[in-house]
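Colleague: I'd like to learn how to read a few features off a model like this one. Can you walk me through some of them?

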Amino acid sequence: MTQAEIKLCSHLLQEHFGEIVDKVGTHLLRTGTQPLRLISSDTGTSLDQVKKALCVLIQHNLVSYQLNKRGFVEYEAHHDRVLRILRYPRYIYTAKTLYGDTGELIVEELLLNGKMAMSAVVKKVADRLTETMEDGKAMDYDEVSITFVRLVDTHFLYRCPVPLQPPDAVAAPAPVAPLLLTNEQDMYTVPKLSIIGKGKRRRSSEDDDDAGEQQTKRQKKEADSKETLPDDGLYWQVNTERFHQHFRDQAIINAIANKMDQISSEIVRTMLRMSEVTTSSNAAHTQPLSSNEIFRSLPTGYNIAKQVLDQYLALLADDPLEFVGRSGDSGGGMFVINLHKALATLASVTLESVVQERFGSRCARIFRLILRKRHLEQKQVEDFAMVPAKEAKDMLYKLLSQNLVTLQEIPKTPDHAPSRTFYLYAVSTLSCSRLLLQRCYKTVANLIERRLFETKENKRLLEKSQRIEAIIASMQATGAEEAQLQEIEEMITVPERQQLEALKRNVNRIDASENQVDETIFILESYIASTCTKP
């Protein structure tokens, strides 16, 4: 793991969980597996605080534990899971797009809490949706449960591993570290629960002490009733791999739509949808699908004849991109989607785009040429790219100095004399992808630092704005006049208001940049993972 990844992980942990969790998590990322007392002594943190920090990290699936051969428990942090925190907004937005507001809130609650029981999620989401409804209306628990089951059926949520219980007849002592068992048959099986009721609104209390006392009583009541929950001990979490599979499919569909047309992309979407649950996330290609199966599964809105579909499939199979491949002739023809090839093409296009933005269109032309031809001499680059020799030499050196192209020597004689040696330029897509990925990590870390700096510089103004907004909200609740509200709003001067608007604009721009860089990170990470796991 590189320093750029550790720095970004540290920023994400501190932003979402606080300073102590960041200190413990970053220490584990730097050192690897360590026992509890060594973590406490190395970080200079008390055992109690380290335990609480590890509890938070384990709850969010960022740290795992294992029993050492010598009998003590070791903890290990997973940097790839920490980096996924950057993608949480994208997970939530995808759930909203596919399953509406209910799906959005279910995924949001699970991401915020790490692991939760289904009944707790349903009640919490129903309460939140009821808050946004008109007076007199409430969200039914059954509607939230239906959306939860749909998310599980499409593998966006899965059941957490459960501790292995010893047989009743054996009175064994409690293990040092519980052994978690994953039953693949039950991972996507929702137990039948009868959760009856509707969401409740939060009561507004004028006395803060009474509100705090009510909350304490309610928490105690919930703790008492938790033992009688029908799904006690069955916890659920978000399946990030399934979301990544959806992002990958969307990238492939968009690439087909840009290259060909909407009907082609809809055919590819249908093929991906048919094999989304049966194909593993790291597979090189989807399961073979016959032309007849694809025809029956097409959306009803597209009135495509069987003959037209066969023509489109043949066109997709013969396309140089090779996103779709033919694997047999039974059933009108068997077709697969070459996922590894699609990711390699998307990564190459991303690299070409980066070269064009950084070095200009001529450098991009040379880079694209070497990428297509694999190996070229300098003279061949000049001829094929139609660029003067001096400019071609400068551009090749510029790309070589940035490690975007490599120079390979092939000597004719054993003495490696320059006059009798071929010098071939080549592009290693995998090396370039790894290089660009590290730069992306560094970019996101810089963006987070910039956002924190912007908010820290305007901290006083933000606090003043929040106080005034709270006063206005409380006065509106008590039915204050418009003139009084206007007077309170004027406490923020015109220059301060302009400064707040500029800050909001800058923060929104930084957030949008983070999301855009994360899209590039996802493409590169998927391609690298696909290349490493390719048989």
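Modeller: Let's go through two sheets, a pocket and a ring pair, keeping in mind that this is a predicted model.

Colleague: Sheets first, then. In what order do the strands E9, E10 and E11 sit in their open sheet?

Modeller: Read across the sheet rather than along the chain. Here the order is E9-E11-E10, and the pairing is antiparallel. The edges are E9 (289-290) and E10 (324-328), each of which pairs on one side only.

Colleague: How many bridges join E10 to E11?

Modeller: There are 4 bridges between E10 and E11 (residues 334-337), and the two strands run antiparallel. To find your place on screen, look for Val-324, which stands opposite Ile-337 in E11.

Colleague: Which helix packs on that sheet?

Modeller: That's H11, residues 262-274. H11 touches E9, E10 and E11, and its direction makes about 85° with that of E11.

Colleague: And what is the strand order in the open sheet made of E1, E2 and E3?

Modeller: Go across again: E1-E3-E2, with antiparallel pairing. E1 (34-35) and E2 are the edge strands, each pairing on one side only. E1 pairs with E3 (residues 73-77) over 2 bridges, and Pro-35 stands opposite Glu-74 in E3. Helix H2 (residues 19-31) lies across E1, E2 and E3, at about 95° to E3.

Colleague: Now the second largest pocket. Which residues lie nearest its centre?

Modeller: For a pocket, take the volume, then the lining. The second largest pocket has a volume of about 770 Å³. Its lining has 28 residues, with Ile-58, Tyr-65, Lys-115, Pro-161 and Leu-180 nearest the centre.

Colleague: Which element gives the largest share of that lining?

Modeller: E2 does, with 5 residues. Elements giving two or more residues also include helix H4 (47-59) and strand E8 (235-238). By character, the lining of this pocket divides into 18 nonpolar, 7 polar and 3 charged residues.

Colleague: Last one: how many aromatic pairs does the structure hold?

Modeller: It holds 8. A pair of aromatic rings is described by how far apart the centres are and by the angle of the planes.

Colleague: Why is the pair of Tyr-91 and Phe-247 called stacked?

Modeller: Planes under 30 degrees apart count as stacked. The planes of Tyr-91 and Phe-247 are at 5°, with ring centres 6.0 Å apart, so this pair is stacked. The pair also links distant parts of the chain: Tyr-91 is in helix H6 (residues 88-113) and Phe-247 in helix H10 (residues 240-259), 156 residues apart.

Definitions and conventions
Residues numbered from 1 in each chain as written. Predicted model: local features only at pLDDT ≥ 70, side-chain atom pairs only at ≥ 80, totals over all residues. Heavy atoms only, no water. Pairing = 2+ DSSP bridges. Contact = heavy atoms within 4.5 Å. Axes fitted to C-alpha atoms, helices over the stretch in contact; angles between N-to-C directions. 1 Å grid on protein atoms, 1.4 Å probe; cavity = no way out; pocket = protein on both sides within 12 Å on 5 of 7 lines; lining within 4 Å. Points joined across faces, edges and corners; volume = space filled by probe spheres on them. Nonpolar A, V, L, I, M, F, W, Y, C, P; charged D, E, K, R; others polar. Phe/Tyr/Trp six-rings, centres within 6.5 Å; stacked < 30°, edge-to-face > 60°.
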